[in-house]
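The following exercises treat selected helices and strands of one structure. Each task is followed by a worked solution.

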Amino acid sequence: MNDKTKHIVLKTENLSIGYQSKKKQIVVAKSIDVSIQKGKFVAVLGKNGIGKSTLLRTVSKVQQPLNGQVFINQKNIAVISNSELSRTLSLVLTERLPESQITVLELVALGRQPYTNWIDKLSSKDIEKINWAIIQTEIEHLKDKFFYELSDGQLQRVLIARALAQDTELIILDEPTAHLDLHHTIKIFSLLKKLVDETEKTIILSSHQVNLSIQFADEMMLFTNDKILTGTPSDLIQQNAFENLFPKDIVNFNKELQQFVIKRK
């Protein structure tokens, strides 16, 4: 992931992630050194509980690192104010939204909060960004619906639209397809790839969708039991990085097909 000729949006140095309890530190992963370029679609992959969500929450300043440093645009996030960060990074988490009577349009408009004045009055630029985000995510027909009326797939597109309306150069999504069927999962991956290609934003998502990530992602971060591997999908395939990701009695990785296939008994 290193290329000195490209602008590095996100970088970590000797990063350790995990949790601090009263008695001890629980280290999930350590010695993480990655650099992510502007305009890349990056998939973070690995088994359940291995640290994907913890990494994304740490680099987005939702939780503190146990050790090491995180830089956004060469600036340490420890000294970046929340106000400045909200203009640089937008985050889409998997938590359910609280009950309310908010419409899709109002939910997308919340993405403009880092820019609105103290009475939350939308400027013409705010409205332009909101409408652009709605068009990009193809949810024009949903904007007057209440968000609780939406399917999981529709809601995920709305949350992506809110992140787009926030107009940050870096968008981080934690398991955006976790509750979606295959059809809507493919549509979300296609949408995110299109946004990267058309807007040059950098999008990082965690996912269990290895096959789709190989097809759509520009770069990958693959959590294994003892280290994190980075590179293009082709790089990791050539390194046999996916061979031990899942138990071989269930699935095998086929290098020719570039995907996991069910093992036939």
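**Exercise 1.** Which residue just after α4 takes a positive phi?

Solution. The model under study is a predicted one. In this model, the residue with a positive phi just after α4 is Glu-138, and the angle is about 60°.

**Exercise 2.** Determine whether the length of helix α4 agrees with the expected rise per residue.

Solution. Step 1: the helix covers residues 124-136, which gives 13 residues. Step 2: at 1.5 Å a residue, the expected span is 18 Å, because the rise is counted one time less than the number of residues. Step 3: the end C-alpha atoms of α4 lie 18 Å apart, in agreement with the expected value.

**Exercise 3.** Identify the buried residues of α4, and state how they are arranged around the helix axis.

Solution. Step 1: with buried taken as under 20% relative accessible area, the residues that qualify in α4 are Asp-126, Ile-130, Ala-133, Ile-134 and Gln-136. Step 2: viewed down the axis of α4, these residues fall within an arc of 165°, so they line one face of the helix. Step 3: the general rule behind such a pattern is that an α-helix has 3.6 residues a turn, so residues three or four places apart point the same way. Step 4: the face turned away from the buried side carries Ser-124 and Glu-128, which are exposed. Step 5: the cover over the buried residues of α4 includes α3 (104-109), α5 (152-165) and α6 (182-199).

**Exercise 4.** Describe the open sheet of six strands and the helices that pack on it.

Solution. Step 1: the strand order is β7-β8-β9-β4-β10-β11, and the pairing is mixed. Step 2: β7 (89-92) and β11 (228-231) are the edge strands, each pairing on one side only. Step 3: from one strand to the next, the twist averages 15°. Step 4: helix α1 (residues 52-59) packs on the sheet and touches β4, β7, β8, β9 and β10, with its direction at about 150° to that of β8. Step 5: α5 lies across β7 and β8 and runs at about 170° to β7.

**Exercise 5.** How do β10 and β11 pair, and where do the side chains of β11 point?

Solution. Step 1: a hairpin of four residues joins β10 to β11. Step 2: β10 (residues 219-223) pairs with β11 in the antiparallel sense over four bridges. Step 3: Met-221 stands opposite Thr-230, and Phe-223 has Ile-228 as its bridge partner. Step 4: in β11 the side chains alternate, with Leu-229 and Gly-231 buried on one face, whereas Ile-228 and Thr-230 point to the other face and are not buried.

Key: Residues are numbered from 1 along each chain as its sequence is written. This is a predicted model: local features need pLDDT of at least 70, side-chain atom pairs count only at pLDDT 80 or more; totals for chains, interfaces and linings use all residues. Side-chain values use heavy atoms; hydrogens and water are left out. Helices (H or I, at least four residues) and strands (E, at least two) are DSSP runs, numbered from the N terminus. Buried means under 20% relative accessible area, exposed over 50%, partly exposed in between (1.4 Å probe, protein chains only). The arc is that of the directions from the helix axis to the C-beta atoms. Contact means heavy atoms within 4.5 Å. Two strands pair if DSSP finds at least two bridges between them. Axes are lines fitted to C-alpha atoms, for helices over the stretch in contact, and angles run from 0 to 180 degrees between N-to-C directions.
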